[in-house]
Amino acid sequence: MLTSIGRFLRKLRIDEREILKDMAEKLEVTISFLSAVENGKKHMPAAWNSRICELYQLTEEQRKAFTTAIAETEDAIEMNFIGQSLQNRELAVSFARKFSEINDEQAEAIKNILSGDKEQ
């Protein structure tokens with residue numbers, strides 16, 4: 001079953017006039033693994049979030065679409081704390097603990113802060 005991430009990756013690949021082999025080489029994975037991600041049989045590695053943005057120099061609109069695709073597809077997000085300050089680690093853990101209590105208005109305000117949107 002094609003997921004939102006799969007659709008995004010496939011569209012990006014086609015827009016860039018790439019075949020599976022080209023994108024797989026850029027991402028340093030096998031063709032079969034990339035195909036499995038596109039088809040929803042494997043989860044997209046978290047490291048691809050920033051890697052795809054950098055490799056394909058995604059526009060702000062593409063980044064938002066990518067973020068939305070990730071949110072629609074993933075049931076869990078893994079965070080890497082390597083190199084992060086204690087303050088950032090505490091922030092992430094605090095956010096995770098309160099996540100289920102955040103209402104839509106609060107979520108929108110947090111998104112605006114994180115995106116640097118001045119209209120809060």
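Just after helix α2, Glu28 adopts a positive phi of about 60 degrees. The model is predicted. Most residues other than glycine have a negative phi. Glu28 is not a glycine, yet its phi is near 60 degrees. Glu28 sits in the loop between α2 and α3. Its relative accessible area is 68%, so Glu28 is exposed, the cut-off being over 50%.

A second residue with a positive phi is Gln57. Here the angle is near 45 degrees, again in a residue other than glycine. Gln57 belongs to the loop between α4 and α5. Gln57 counts as exposed because its relative accessibility is 68%.

The helix that precedes Glu28 was examined next. Helix α2 covers residues 20–27, and its buried residues are Met23, Ala24 and Leu27. Viewed down the axis of α2, these buried residues fall within an arc of 100 degrees, so they line one face of the helix. An α-helix has 3.6 residues a turn, so residues three or four places apart point the same way. The buried residues of α2 pack against three helices: α1 (4–15), α3 (31–38) and α4 (48–55).

Two residues of α1 illustrate the surroundings of that helix. Arg13 is found in α1. Its relative accessibility is 10%, under the 20% limit, so Arg13 counts as buried. Beyond residues up to four places away in sequence, Arg13 touches Glu18, Ile19, Leu20, Met23 and Glu38. One of these partners, Met23, is also among the buried residues of α2.

Phe8 lies in α1 as well. At 13% relative accessibility, Phe8 counts as buried. With residues up to four places away in sequence left out, Phe8 touches Leu58, Gln62, Ala65, Phe66 and Ala69. Leu34 is 26 residues from Phe8 along the chain. The C-alpha atoms of Phe8 and Leu34 are separated by 13 Å.

At the level of the whole chain, the secondary structure comes to seven helices and zero strands. Along the sequence the pattern is α-α-α-α-α-α-α. The C-alpha trace spans about 40 × 30 × 25 Å along its principal axes. Of the 120 residues, 24% count as buried. The chain exposes about 9,100 Å². Carbon and sulfur atoms supply 52% of that area. Among contacts with a separation of 6 or more, 48% join residues 24 or more positions apart.

Pockets were then considered. Rolling a probe the size of a water molecule over the atoms shows where empty space is left. The largest pocket has a volume of about 2,000 Å³. Its lining is made up of 37 residues. Those closest to the centre of the largest pocket are Thr67, Ile77, Phe95, Lys111 and Leu114. By class, the lining of the largest pocket holds 21 nonpolar, eight polar and eight charged residues. Four helices each supply at least two residues of this lining: α4, α5 (60–73), α6 (86–98) and α7 (104–115).

Notes. Residues numbered from 1 in each chain as written. Predicted model: local features only at pLDDT ≥ 70, side-chain atom pairs only at ≥ 80, totals over all residues. Heavy atoms only, no water. Buried < 20%, exposed > 50% of the residue type's maximum accessible area, 1.4 Å probe, protein only. Arc of directions from axis to C-beta. Contact = heavy atoms within 4.5 Å. 1 Å grid on protein atoms, 1.4 Å probe; cavity = no way out; pocket = protein on both sides within 12 Å on 5 of 7 lines; lining within 4 Å. Points joined across faces, edges and corners; volume = space filled by probe spheres on them. Nonpolar A, V, L, I, M, F, W, Y, C, P; charged D, E, K, R; others polar. Areas by Shrake-Rupley, 256 points an atom, 1.4 Å probe, with all protein chains shown as cover.
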